[in-house]
Amino acid sequence: MDSSRRRVLQLLGLSSLALAVKPVFNAFAKEEAQAEEPAAIVKQDPKALKAKQWAMVIDTRKFETEADLEPLVEACHKIHNVPHFENKRHEVKWIWAVPYHNAFPDKAARFLSEEVETKPFFVLCNHCENPPCVRACPTQATFKRASDGIVMMDFHRCIGCRFCMAACPFGARSFNYRDPRPFIKELNREFPTRMMGVVEKCNFCVERLAVGQLPACVEASEGKLAFGDLYDPASNVRKLIASNYTIRRKQALGTEPAVYYIV
Amino acid sequence: MKDKKFIVAGVIVFIVIATFPFWYNRGKAAPAPVTLLTEKAKAAKVCVRSTEYMKAEHMQLLDLWRESVVRRGERVYVSPGGRQYNMSLSNTCLDCHSNKTEFCDRCHDYVSVDPYCWDCHIENPKEKT
C-alpha cells in the first residue's frame with residue numbers, strides 16, 4: 001500500500017471525524033432500545049419510616065430479670081428465622097442478655113451493687129455511626145445505609161470470611177457454622193432464612209421499617225425500648241437521652257454506637 | 001512401525017468413547033419443558049413484565065430487585081402497566097407461582113442451571129410444613 005504522508009493524514013482526519021459522529025449514533029441506538037418497552041419504576045413504600053440515623057434507647061430500669069427480656073428476644077428471633085443451636089459454639093443471636101460487666105466492661109466498677117451485678121442487660125448490634133465491621137468487609141456485604149444509618153447485611157454477597165466478626169467490638173455478629181434451617185423452631189415464611197457460611201446480626205428490622213412498622217423488639221417491649229431518629233431533636237429518643245442519664249457500650253472506641261442505655 | 005495396529009485401534013476406541021454420548025442420544029432430544037401456571041397466575045393474566053421479557057430477563061429482574069431492596073431500601077416495583085408490586089421473591093413471585101417444581105424447576109433442570117435462591121428464600125411460602 002502506498003503510505004505517503006498525504007495518505008496517512010487523510011486517514012487520521014477520517015478517523016477523527018468518525019469518532020466525532022459516534023455519540024450521535026449512540027443516542028439513536030439508546031432511543032430505539034427504550035422504545036421497545038417503557039421502563040419500570042422502583043420506589044419506596046410511602047408508609048416507610050425515615051430517619052437520618054436510627055437509634056434505640058433501652059430503659060434498663062424497667063428490666064429486672066431474664067423473664068422480662070425473654071419475650072422480646074423471642075419476638076425478634078421468631079420473625080427473623082434465627083436458628084436455635086444447643087451447642088454454644090454454634091449459637092446465632094440477634095438480641096440477647098448479658099450481665100453488666102460484659103455489656104459495659106469499661107464501666108464496671110469493683111464491688112458493684114448486687115442489683116446491677118445480677119441484672120441482665122440487653123445487647124444487640126449498635127448500628128454504629130462509624131462501624132468497624134463495614135471497613136473490614138472485603139465484599140461490601142455489610143454496609144452502612146446512607147439513607148438511615150442502619151448497618152446492614154447483604155447475605156447474597158457475604159463470603160463468610162468473618163473479618164466483620166473480628167472487627168466488631170460488641171460481639172454482635174454470629175456465624176452460621178451449620179445449615180440453620182433445621183434448627184428454626186417455627187419458620188416465618190415471609191422472611192428468608194440464612195445459609196451455612198454467612199454472618200448474620202440484628203438489622204434494626206429494616207423490613208418492618210420499610211412498611212411503616214417499628215422494630216419487633218420495640219413493639220413487644222410495651223414502651224421499655226424507644227426507637228427514633230437520633231438527629232431529630234424532637235424525636236422520642238432524643239427527648240429520653242436529654243432527660244435521662246444514658247451510657248453506651250465501649251464508647252471510648254469511637255465507633256459511636258446508636259444504642260443508648262438509661263441506667 | 002510395528003505398533004501401527006495398536007495405535008490405530010487405540011485411536012478408534014478413543015473416538016468411539018469420546019463421541020458415545022452424541023450417537024447414543026441421537027434423535028432423542030429432550031422435549032423443551034412446558035411450565036405450568038397456577039390458577040392464581042392464570043387469573044392475574046399479567047406478570048410484573050411481559051411474558052417474553054420474563055422468560056428472557058427474569059434473572060436480571062431479580063438481580064435488580066435484590067440490589068434495590070437490600071441496598072437501597074426501595075421495595076415497590078411499578079410495572080410499565082402502572083401496577084405496584086412488593087419486590088419479594090418468596091412473597092410476590094411465589095405467591096402466584098406457588099408451584100415451584102412445575103414452574104421454576106422444569107426449565108432450570110432442562111438448561112442445567114442450579115440457582116441457589118432457595119438456600120435462603122423459602123420456596124413454598126403458602127404451604128404449611
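Trainee: Which residue in S11(A) stands opposite Ile247(A)?
Mentor: This is a predicted model, where local features need pLDDT (the predictor's confidence in each residue, from 0 to 100) of at least 70, side-chain atom pairs count only at pLDDT 80 or more, and totals for chains, interfaces and linings use all residues. Residues are numbered from 1 along each chain as its sequence is written, while chains are lettered from A and ligands numbered from 1 in the order in which they are written. S10(A) and S11(A) (residues 259–262) pair in the antiparallel sense over two bridges; two strands pair if DSSP finds at least two bridges between them. Facing Ile247(A) in S11(A), you'll find Tyr261(A).

Trainee: Which are the edge strands of that sheet?
Mentor: It's an open, mixed sheet of four strands, running S9-S2-S11-S10 in chain A. Strands (E, at least two residues) and helices (H or I, at least four) are DSSP runs, numbered from the N terminus. The two that pair on one side only are S9(A) (225–229) and S10(A) (246–247).

Trainee: What angle does H9(A) make with S9(A)?
Mentor: H9(A), residues 236–243, packs on the sheet and touches S2, S9, S10 and S11 of chain A. Axes are lines fitted to C-alpha atoms, for helices over the stretch in contact (C-beta atoms, placed from the backbone, within 7 Å), and angles run from 0 to 180 degrees between N-to-C directions. On that scale, the angle is about 115 degrees.

Trainee: Which strand gives the most to the largest nonpolar core?
Mentor: A nonpolar core is a set of buried Ala, Val, Leu, Ile, Met, Phe, Trp, Tyr and Cys residues joined through C-beta atoms within 7 Å; buried means 20 or more other C-beta atoms within 10 Å of a residue's own. This one has 56 residues, with Met56(A) among those with the most contacts inside it. Met56(A) touches Leu225(A) and Phe227(A), among others. With five residues, the top contributor is S2(A) (residues 54–59).

Trainee: Which element gives the most to the side of chain B that touches chain A?
Mentor: The contact takes 22 residues from each of chains A and B. Elements giving two or more residues on the chain B side are H3 (51–72), S1 (76–78) and H4 (89–96) of chain B. The top one, with five residues, is H3(B).

Trainee: And what's the bridge partner of Val42(A) in S1(B)?
Mentor: S1(A), residues 41–43, pairs with S1(B) in the antiparallel sense over three bridges. Within that pairing, Val42(A) is matched with Tyr77(B).

Methods. A residue is buried if 20 or more other C-beta atoms lie within 10 Å of its own, exposed if 12 or fewer, and partly exposed in between; C-beta atoms are placed from the backbone. Two residues are in contact if their C-beta atoms, placed from the backbone, lie within 7 Å. Lists of a residue's contacts leave out its neighbours within four places in sequence.
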